[in-house]
Amino acid sequence: MSYDVRRNYRGKPGYSVVSPDGSVRGTHSTRQEAVAQQRALYAAEENSKKDISKAEHDLYEQLPAAEKKFHDSLVSIAEEYGPLDKEETGIWIGYESAEMNTDAAIGVMCGNCSMHYENDDGSIGCMILSYKIEEGGKCRLAAIPPGYVKSPTPPDDSPDMITRSFWGGRFR
Ligand code: SF4
């Protein structure tokens, strides 16, 4: 995000630091102070980006090559079109809250997906959605490295087709 320093912005005396949406982040009596705040905002954003890349890096690096491309494609679509949960994208996300996600017990959850990141307040976000997500939630686009999902024990009378489809699928 870019911030401008504007003098007497909207009639307010002094130097204001203004966000792209026009909101004022602070007003100062000197340009120097305003520039100092502008720099602090950029530094805070840079740190938050580092946190995101760290959370992404750990799980992302463990994905097989094809799934890395799957992750990269979704992130690049979200960068181009905005969060994928927006109705106009036409993409069905199928997000389930932690309470609804029965697959969390075997590890299919946002906390194991390479597209989650951690916020400073301990909550988590998703790189491709605007939803507030939960560690135990999931959506049908999860990218989870091998070893994070435990195979569930099939019932003795599981027909082979169902068993194969469950084991071979991506839990979507
Ligand atoms: S499972 Fe879905 S909602 Fe959760 S972090 Fe991954 S992509 Fe985002």
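## The ligand and its space

A cavity here is a set of grid points where a 1.4 Å probe fits but cannot get out, worked out over the protein atoms alone. In this predicted model, the largest cavity is the space that the ligand takes up.

So who are the ligand's neighbours? Around the ligand you'll find Y95, C110, C113, M115, H116, C126, I128, L129, I133, C139 and A142. Sorted by type, the shell has 10 nonpolar residues and 1 polar one, with no charged residues.

## Helix α2, from end to end

Next up is helix α2, which covers residues 65-81. How far apart are its end C-alpha atoms? They are 24 Å apart, and that agrees with the expected span of 24 Å for 17 residues at 1.5 Å a residue.

Just past α2 comes G82, which has a positive phi, near 95°.

## The two sides of α2

Which residues of α2 are buried? They are E67, H71, L74, V75 and A78. These buried residues cover an arc of only 95° around the axis, so they sit on the same side of α2.

Turn to the face pointing away from that buried side and you meet exposed residues: A65, A66, K69, E79, E80 and Y81.

## A look at R10

R10 belongs to the loop between β1 (4-7) and β2 (15-18). Is R10 buried or exposed? Its relative accessible area is 66%, and exposed means over 50%, so R10 counts as exposed.

R10 and V24 are 14 residues apart along the chain, and their C-alpha atoms are separated by 9.8 Å.

Notes:
Residues are numbered from 1 along each chain as its sequence is written. This is a predicted model: local features need pLDDT of at least 70, side-chain atom pairs count only at pLDDT 80 or more; totals for chains, interfaces and linings use all residues. Side-chain values use heavy atoms; hydrogens and water are left out. A residue is near a molecule or strand if one of its heavy atoms lies within 4 Å of it. On a 1 Å grid over the protein atoms alone, a cavity is a set of points where a 1.4 Å probe fits but cannot get out, and a pocket is an open set with protein on both sides within 12 Å along at least five of seven lines; lining residues have an atom within 4 Å of a point. A molecule sits in a cavity or pocket if more than half of its atoms lie within 2 Å of its grid points. Ala, Val, Leu, Ile, Met, Phe, Trp, Tyr, Cys and Pro count as nonpolar, Asp, Glu, Lys and Arg as charged, and the others, Gly among them, as polar. Helices (H or I, at least four residues) and strands (E, at least two) are DSSP runs, numbered from the N terminus. The expected span of a helix is 1.5 Å times one less than its number of residues. Buried means under 20% relative accessible area, exposed over 50%, partly exposed in between (1.4 Å probe, protein chains only). The arc is that of the directions from the helix axis to the C-beta atoms.
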